[in-house]
Amino acid sequence: MKKMDNTAAGSWTPDDNPTPPTVKNSCHPNLKTSCSSIVSTVRFLASLSFAYFAKALSGSYMKSTITQLERRFDIPSYLIGIIDGSFEVGNLLVIAFVSYFGAKLHRPKIIAIGCVLMSFGTFLIAMPHFLIGRYKIETSVRWSVNSTNNLSPCPASSPESTRAGDSPSLLNSRGCERESSVSMWIYVLLGNILRGIGETPVQPLGISYIDDYAQTENAALYIGCVQTISIIGPVFGYLLGSLCAKIYVDIGYVDLETLTITPGDARWVGAWWLGYLIAGTITLMSAVPFWFLPKSLPMPVDKHDSSCTPEQTRFIKDSPTMEHKFRPEEPANLHQMAKEFVPTLKSLLGNPVYVTFLCVTIIQFNSLIGMVTYKPKYIEQHYGQSASKANFLMGMINIPAVALGMFSGGVVMKKYKLGIMGAAKFAFGTSLLGFLLSLFFFAMGCENSKVAGVTVSYTGVEGLSYQEQSLFSECNSGCLCSRRDWDPVCGENGITYVSPCLAGCSSSTGSGKYTVFANCSCVALPDTQQVNLTASLGQCPRSDSCDKVFPYFLALSVLSSFIISLGGTPGFMLLVRCIRPELKCFALGIYSLATRTFAGIPAPIYFGAIIDTTCLKWGNKMCGGRGACRIYNTSAYRTLYLGLTLGLRTASFFLCYPGFALLKRHIKMEEKNALTNGSAELESLRKEENSSKHCEQFIPASDCIPDRETCL
């Protein structure tokens, strides 16, 4: 009778309904919740994509201004590498704590704070322009005070005279002392560090947020979209760099008609500061949407279900089911989180697949970061292109190929449902094919520019080993020339001379960039006795053979970049899926920490230092000391730059073989554990059901069913 009363009251019995209503509602959310989850995920995806765009825009613009910063602050390439690597230093300072603690706090608001810090750092980089004086061009051309004619570029000398510029100038002005007392590039360094600190939470917190709340089958596509947007950012960054490089640094304060240099000159400095103001404003705008996003989103239906695919259970030690993947949110306990930090780190680093993948990525990132950082400079120096054109080509040709490759990789992974091993093989195959194609870059070289006294003799003989004394010859022995100047002129014979004085020119006509030097005793046409010809400002253009090979270089660069980037998204998903889900955010943070520490920081420095060894002629600071490099040994530059890039990739391939072996063994182990634990759990559930039926004979079913908040 008691049993019938309970039944009439709506109590559940095994015969009435095999599934408890509370469990059913917990496992299967209604359609409204599912739609809300999708809409909220798309909102966050759009906000994160804009943040990725903003940070990629400012980061690529920084790389596009490398040669501009070198010339403006008169610093070598290795120092530029330090400035570029300071961004990673900022990440290094806080990334481990942000990725660990941030995962349990309000992730969207932490990302918003990071975007604000990034914008302030970008504005700080532009500050030196407003603190230092106008840019002074290193030139040997002197103007007469009382007439429109230039003074003779070849002042007479006597045997007792010393070479001008061989000793430091005794006329250091107050302005020179003030400028040399403070290194303004320090502001750029500090601003870049602040940018790095602000960028820290965007990737680990943003990607983990998407993977937590997006539907499982859409996670890879969403991440691929975000990564694609992050590649589109550099397109606009390099285009912005191209535009600013065309504008003179002191635009509005200098009469451009009086300039003696063009954008293709090694001394030209564009309006580098303008782009940082624009990028900082865009980054500040990207912070706004995150302030209005919730701490968590509605859980999609598939992540409430007890069933899980092999991809979801694989690589989850001691937890073959999904019961621990999505835990109910608990209030943040900073003390407990700090206490678990070291054990969590040990658990993560105890995963051999993760550690091997991390080592391979670090080596390949050394190659990638070093190559990308100095690629515009390589195009400038090796193929004789201006900074503006080099940046334009990077933005309009190379970067879109990378974006298309990243997106295509995500589509391929979704369409063919690539597992962990399939993703690893696909990433390795594309990387290897891209490496083989890159070997052809060695055959696409140009000869050294013909510069008298630097790469060729004054008679045109090539293979000259540069020394300062080799700048002087009998043809300019009657002139009091400085060996420190770099004011190149192009003779009618196709040879570049370091200065009009060293070309033996005794007169000039015209003004600004249209100045023409006449009666140049060192200029002579081949196979003729004609001398005393003219020379014009600027270096002589590259040979026709170099112009012909340049389009092939661009085509191969686009193709190899596309193929290599195809494996980007599968490789990133391999990283996400090879660890326990509760360690996912922390693993992404350690991944970023390791790649920035061992690749992002050192790669630009040692790449820049190696490039510096190929410099043939250094510029000079106004107050004395070595400035930026004016001309490089083209052949040595190509060999070292490409050799180091491809050598690092070769080293990474040697780690791939043991990596595949570990991955294969780990997959078999996890599948075996999943089958064993799954059978044990099924048997446990059967015993529980039998126990419930037996219990129903004596007590109400509602008192016998165990309380569950989630489904197994």
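This is a short selection-by-selection tour of a predicted model, moving from salt bridges to disulfides, then to a helix and a surface patch.

**Stop 1: salt bridges between helices**

Across the whole structure, a search turns up six salt bridges. Begin by selecting Glu199 and Lys55, whose side chains meet in a salt bridge with an N to O distance of 3.1 Å. Glu199 belongs to helix α9 (residues 185-199) and Lys55 to helix α3 (residues 31-64), so this contact ties together parts that are 144 residues apart in sequence. Are these two residues buried or exposed? Both Glu199 and Lys55 are buried, so a clipped or transparent view may help you here.

Stay with helix α3 and select Lys63 together with Asp84. Their side chains form a salt bridge at 3.0 Å, N to O. Lys63 sits in helix α3 and Asp84 in helix α5 (residues 77-101), so the pair ties together parts that are 21 residues apart in sequence. Lys63 counts as buried at 17% relative accessibility, and Asp84 is buried too, with a relative accessible area of 7%.

Next, pick Arg71 and Glu380. Here the closest N and O atoms of the salt bridge are 3.4 Å apart. This pair links distant parts of the chain, with Arg71 in helix α4 (residues 66-73) and Glu380 in helix α16 (residues 352-383), 309 residues apart. Arg71 has a relative accessible area of 8% and is buried; Glu380 is buried as well, at 7%.

For a last look at charged residues, select Asp265, Arg267 and Asp487, which are linked in a network of salt bridges.

**Stop 2: disulfides**

Switch to the cysteines: the count of disulfides comes to six. Three of them are worth showing as sticks, including the one that joins Cys446 to Cys546, with an S to S distance of 2.0 Å. This link is right-handed, with 85° about the S-S bond. Cys446 is in the loop between α18 and β1 (489-491), and Cys546 is in helix α19 (residues 544-566), so the pair ties together parts that are 100 residues apart in sequence. Cys446 and Cys546 are buried.

Now select Cys481 and Cys501, joined by a disulfide at 1.9 Å, S to S. What is the handedness of the link of Cys481 and Cys501? It is left-handed, with -90° about the S-S bond. Cys481 lies in the loop between α18 and β1, while Cys501 lies in the loop between β2 (496-497) and β3 (507-509), 20 residues apart. Cys481 is buried, with a relative accessible area of 1%, and Cys501 counts as buried at 6%.

Then move to Cys505 and Cys520, where the S to S distance is 1.9 Å. The link of Cys505 and Cys520 is right-handed, at 100° about the S-S bond. Cys505 and Cys520 are both buried.

**Stop 3: helix α18**

Select residues 420-438 to bring up helix α18, which has 19 residues. From first C-alpha to last, α18 reaches 27 Å, close to the 27 Å expected at 1.5 Å a residue. Colour its buried residues, among them Ile420, Ala423, Ala424, Ala427, Thr430, Ser431, Gly434 and Phe435. While you look along the helix, recall that an α-helix has 3.6 residues a turn, so residues three or four places apart point the same way.

**Stop 4: a nonpolar patch**

Finally, turn on the surface and select Ile113, Val288, Trp291 and Phe292, which make a nonpolar surface patch of about 430 Å². Phe292 lies in the loop between α12 (272-286) and α13 (310-313) and counts as exposed, at 64% relative accessibility.

Conventions
Residues numbered from 1 in each chain as written. Predicted model: local features only at pLDDT ≥ 70, side-chain atom pairs only at ≥ 80, totals over all residues. Heavy atoms only, no water. Patch = residues over 30% accessible without salt bridge, like charges linked within 9 Å, V, L, I, M, F, W, Y side chains within 5 Å. Areas by Shrake-Rupley, 256 points an atom, 1.4 Å probe, with all protein chains shown as cover. Salt bridge = Lys/Arg side-chain N within 4 Å of Asp/Glu carboxyl O. Helix = DSSP H or I, 4+ residues; strand = E, 2+ residues; numbered from the N terminus. Buried < 20%, exposed > 50% of the residue type's maximum accessible area, 1.4 Å probe, protein only. Expected span 1.5 Å × (residues − 1). Disulfide = S-S within 2.5 Å.
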